[in-house]
Amino acid sequence: MALENLNMNFFSRHLPPVLMGAAVVMVQPQLAVALSPTQISDIAKEFTVLITGEGIGSGVIFERKGDTYSVITNQHVVANDGRYEIQTPDGSRYPVYRSQELPGLDVAILQFTSKKNYRLASLGNSDQIRQGMTVYVVGWGLVNDLSDKTNKSSYLTFAGIIESLSKNPQQGYGLAYNNQAISGMSGSPVLDENGRVVGINAARLDQNLTVQGTRLLAGWRLGIPINMVLTTRNRPVSSPVTAQQPGAIAFTTLRRTEALISSGGAKKNRKDYQGAIADYNQALRINPNNPDAYLQRGSAYYYLKKYQAAREDFNKVLQLSPKNANAYNNRGVLRYQSGDKQAALADFNSAIQLDPKLAGTYYNRGAIRDQSGDKQAALADYNSAIQLDPKNAPAYIERAVLRYESGDKQAALADYNQAIQLDPKNAKVYTNRGFLRKESGDKQAALADFNQAIQLDPKDAFAYYNIGLVKYEQGDIEEAMRQFQTAINNDSKKVQPQLALAVALYSKGEQEWGFSTVEVVLRSDKRFADLKFLKKELLWGDKLIADTKKLLENPKIREITSRPSRSQ
């Protein structure tokens with residue numbers, strides 16, 4: 001795009017157990033009006049927490065005594081010794097100061113203290129769950145969009161149905177359902193259509209099993225009925241636990257696999273990619289058909305720039321789990337980076353078809369459509385990305401560029417304001433906003449933005465160049481020259497500050513240096529000898545244009561402009 005490439009104003013785009021006193025928790029009656037998926041997601045978000053530390057997962061706030069809150073999660077999320085934190089729905093973080101492992105179940109009860117008021121989950125009656133009933137799994141999943149290097153967890157909601165129910169199951173895995181769920185969602189609530197917690201999401205079944213005469217299929221998710229959690233929690237420690245049943249070894253192995261994936265996710269979040277890969281490798285040695293482990297390992301390989309290994313892992317995910325939208329998205333990012341934009345577009349389309357709520361994928365597809373010239377489709381994708389994720393700063397930035405190009409400068413400015421609010425340390429956004437402010441005549445605000453950009457990134461050549469343009473129009477030629485030179489020192493390949501510096505030197509009588517520089521620039525591209533181009537495309541001010549005209553009228557420069565340029 002001309003504005004991005006020529007003005008140098010818009011940047012490049014683009015991808016320890018402790019016994020706790022028992023408490024009576026009321027189980028709610030089942031009769032209620034079914035809620036919409038959006039209502040259920042909104043309700044659950046108020047009591048679903050993110051757990052980080054030596055493992056990563058989700059949890060359910062279900063009890064409060066004074067300032068002490070209790071949270072249900074999976075034991076495999078907190079299986080490793082170390083510190084853990086609970087991030088509540090308002091973004092506050094609290095250390096886990098006490099935990100209780102429930103015997104025989106893949107469940108742990110964690111506690112944190114806070115004087116704030118947090119919503120407690122309404123607990124349903126899991127004994128009334130029947131095969132075929134609709135349930136929802138919500139939690140903080142590791143989406144692993146490779147275009148977003150923050151590795152942040154995203155709040156996700158997946159609908160499905162109960163496929164099977166088991167009595168006295170090993171590890172407590174008594175619920176089997178076909179909902180999608182991804183790494184980070186261990187310990188998430190399983191909710192009925194009334195928004196009540198009826199189970200705790202635990203694991204993905206990676207092989208077909210027959211347990212108690214019931215056939216369980218690979219790919220189903222397993223959860224622990226909430227009644228079993230409450231009963232076991234209130235059972236005296238000396239009470240016997242369920243005798244070992246067929247499939248116990250498989251379920252124990254499954255729990256260990258999930259613990260390794262959780263541990264790997266925590267290491268990946270700390271950017272310990274080698275450590276994460278070691279955990280995923282161990283998980284895959286235990287279970288070589290676990291798509292979650294391949295997906296997470298693939299993203300770790302990507303961040304280590306081992307792109308072929310990452311691609312192989314994403315292909316393996318799609319072989320094991322053909323409807324995995326995240327794998328399509330990530331493979332699309334790799335294909336895009338390799339230059340195969342059509343294949344990347346196909347992958348992004350597949351990801352969106354499988355999961356229309358992947359904000360990052362809309363952003364990725366929008367970038368391809370933008371580059372291919374389909375601005376309207378790109379704008380629609382950026383709009384979708386923002387609607388799905390109002391905190392998606394890159395989408396605001398790209399939409400701002402499109403809005404600017406369409407002439408809607410006020411809307412572009414509003415998008416940059418929002419992007420800065422979301423990502424106040426992004427130097428390039430300040431540079432872009434400064435350019436808009438400069439063009440609108442607000443030179444002081446523009447200079448403030450450019451200076452802020454330089455404070456954040458002292459090598460931002462675009463910002464130095466734009467400061468030079470402003471200073472030149474203000475008559476401070478010496479300062480403008482210093483800014484142009486600094487821009488050149490930081491990016492010697494950009495010709496715009498070189499040409500501007502040559503004009504300034506010529507205007508001050510240093511003709512020979514100006515001539516030599518201009519010759520190099522004009523041999524590269526004759527458009528720089530066109531004053532209309534300089535004013536319209538580079539947006540140079542009147543004073544710089546007037547001095548450029550004097551330089552171009554010099555006979556030596558006229559001789560240069562009469563020769564064919566390298567591009568001809």
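This report describes a helix pair, a strand barrel and one buried arginine in a predicted model.

**The helix pair**

Helix α6, which covers residues 291-303, packs against helix α7, residues 307-320, at an angle of about 160°, and their axes lie 8 Å apart. Because angles over 145 degrees count as roughly antiparallel, α6 is roughly antiparallel to α7. The crossing of α6 and α7 is left-handed. The residues that make the contact are listed by helix below.

| Helix | Residues in the contact |
|---|---|
| α6 | Pro-291, Tyr-294, Leu-295, Arg-297, Gly-298, Ser-299, Tyr-301, Tyr-302 |
| α7 | Tyr-307, Ala-309, Ala-310, Asp-313, Phe-314, Lys-316, Val-317, Leu-320 |

Sorted by class, this contact of α6 with α7 comprises 11 nonpolar, two polar and three charged residues.

**The barrel**

Six strands form a closed barrel in the order β8-β9-β10-β15-β12-β11, with antiparallel pairing, and from one strand to the next the twist averages 45°. Within this barrel, strand β8 (residues 134-141) and strand β9 (residues 154-165) run antiparallel and are joined by eight bridges. Val-138, for instance, has Thr-157 in β9 as its bridge partner.

**Arg-255**

Arg-255 belongs to helix α4, which spans residues 248-269. Its relative accessibility is 17%, so Arg-255 counts as buried, the cut-off for that class being under 20%. When neighbours within four places in sequence are left aside, Arg-255 is in contact with Gln-75, His-76, Leu-105, Asp-106, Gln-171 and Tyr-173.

Terms used. Residues are numbered from 1 along each chain as its sequence is written. This is a predicted model: local features need pLDDT of at least 70, side-chain atom pairs count only at pLDDT 80 or more; totals for chains, interfaces and linings use all residues. Side-chain values use heavy atoms; hydrogens and water are left out. Axes are lines fitted to C-alpha atoms, for helices over the stretch in contact, and angles run from 0 to 180 degrees between N-to-C directions. Helices (H or I, at least four residues) and strands (E, at least two) are DSSP runs, numbered from the N terminus. Angles under 35 degrees count as roughly parallel, over 145 as roughly antiparallel, 65 to 115 as roughly perpendicular and the rest as oblique. A crossing is left-handed if the near helix is turned anticlockwise from the far one by less than a right angle, and right-handed if clockwise. Contact means heavy atoms within 4.5 Å. Ala, Val, Leu, Ile, Met, Phe, Trp, Tyr, Cys and Pro count as nonpolar, Asp, Glu, Lys and Arg as charged, and the others, Gly among them, as polar. Two strands pair if DSSP finds at least two bridges between them. Buried means under 20% relative accessible area, exposed over 50%, partly exposed in between (1.4 Å probe, protein chains only).
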